[in-house]
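Hi,

Here is the structure I promised to pass on. Have a look at it first, and my notes follow underneath.

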Amino acid sequence: MRILGIETSCDETGIAIYDDGQGDRPQGILAHRLYSQIAVHADYGGVVPELASRDHVRKTIPLIKQVLADANLTPQDLDGVAYTAGPGLVGALLVGCSIGRSLAYGWDLPAVPVHHMEGHLLAPMLEDDVPEFPFVALLVSGGHTMLVRVDAIGEYKLLGESVDDAAGEAFDKTAKLLGLDYPGGPALAKMAEIGVAGRFKLPRPMTDRPGLDFSFSGLKTAAAVLVRKECINIEPTLSEEQLKQTHADIAHAFQQAVIDTLAIKCKRALQQEQLSRLVIAGGVSANTALREKLALTTKKLGGSVFYPRPEYCTDNGAMIAYAGLQRLKAGTDADLTFKANPRWPLDSLPPVK
């Protein structure tokens, strides 16, 4: 079976075609394209929902045509259309839902609504080294941070989640405090590479109490206080080079605090569930320092860590196509009505039989 995947949950338009490789056909992603709206939102320092929706309207259909051409396929070669139905920005979701459902109707194909976070969770399945069930998944993206026990596709047990700011949001907001352009998370990680370890110490939130929930708003506030104390209040006495190094040192301290917090919670989740396999996915999972820390953490437990390649860490159509195909094989097929779900609990999904 071949399926078209459409991702429009936030500020990236992702389109891909996945083939399950039956017969003599190759298995995997046949073609995929991703358009980022960074330039659209950069002047505002964050995503403007209305602008995001309008840009999805402009880009989705042309990208679908390009992906079909890249794969040398026509709509008649497809077996289904999958689209992100939530969670995300409701206007952006409605663009993908309406286009995906309309194309499926016009092409006489089944339509499959996909949970955005299930797409991230299954993204490592696109790699050669595929994790076996069961495993613990750390889903860490711009708006979500959660730990999930995964026994099979659709069999999810929520172990913990962020009670306020997600890790990705904290990265972006702290980057803004340091004067970095949007999107700030990757820029902060880059800046942290030249930071001096140990100069500053920031808290590891909620690690001194039992449980697997996360909270990063206090860490963000602590970083803001540190920036004001070390940079703003004494800025006239600092040279440009000293100010740059101080920013880098704060970035390093902040990133290390987030990474340590995530690693402590992952270790706790693996021990609690008596599992040895860890999957990390979502935009923040592309962070090299985080990957190194979690690899070391799982190795000490006698386990292993799995993650998708960087291009599949951010929002993308490939993960939606793969997740959609699994749901399509299980019999999921939306009727002519469609619905965007800006809030959609992952553990409410039905299991794939």
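Keep in mind that this is a predicted model.

I started with the pairing of the first strands. β1 (residues 2-7) and β2 run antiparallel, with six bridges joining them. If you want one pair to find your way by, L4 has I17 in β2 as its bridge partner. The link from β1 to β2 is a hairpin of four residues.

On to β3 (residues 27-36): this strand is also antiparallel to β2, and nine bridges join the two. Here E12 stands opposite S36 in β3. The hairpin of β2 and β3 has six residues between the strands, and G21 in that hairpin takes a positive phi near 75°.

Now for β2 itself. How many of the residues of β2 are buried? Nine of nine, over residues 12-20. In a regular strand, side chains alternate between the two faces of the sheet. In β2 both faces are covered: E12, G14, A16, Y18 and D20 are buried on one side, and T13, I15, I17 and D19 are buried on the other. So I17, the partner of L4, counts as buried because its relative accessible area is under 20%.

Elsewhere, there's a nonpolar patch on the surface, about 240 Å², made by V90, L94 and F338. V90 belongs to helix α3 (residues 90-107). Is V90 buried or exposed? In between: V90 has a relative accessible area of 43%, so it is partly exposed.

Cheers

Technical notes
Residues numbered from 1 in each chain as written. Predicted model: local features only at pLDDT ≥ 70, side-chain atom pairs only at ≥ 80, totals over all residues. Heavy atoms only, no water. Buried < 20%, exposed > 50% of the residue type's maximum accessible area, 1.4 Å probe, protein only. Pairing = 2+ DSSP bridges. Patch = residues over 30% accessible without salt bridge, like charges linked within 9 Å, V, L, I, M, F, W, Y side chains within 5 Å. Areas by Shrake-Rupley, 256 points an atom, 1.4 Å probe, with all protein chains shown as cover. Salt bridge = Lys/Arg side-chain N within 4 Å of Asp/Glu carboxyl O.
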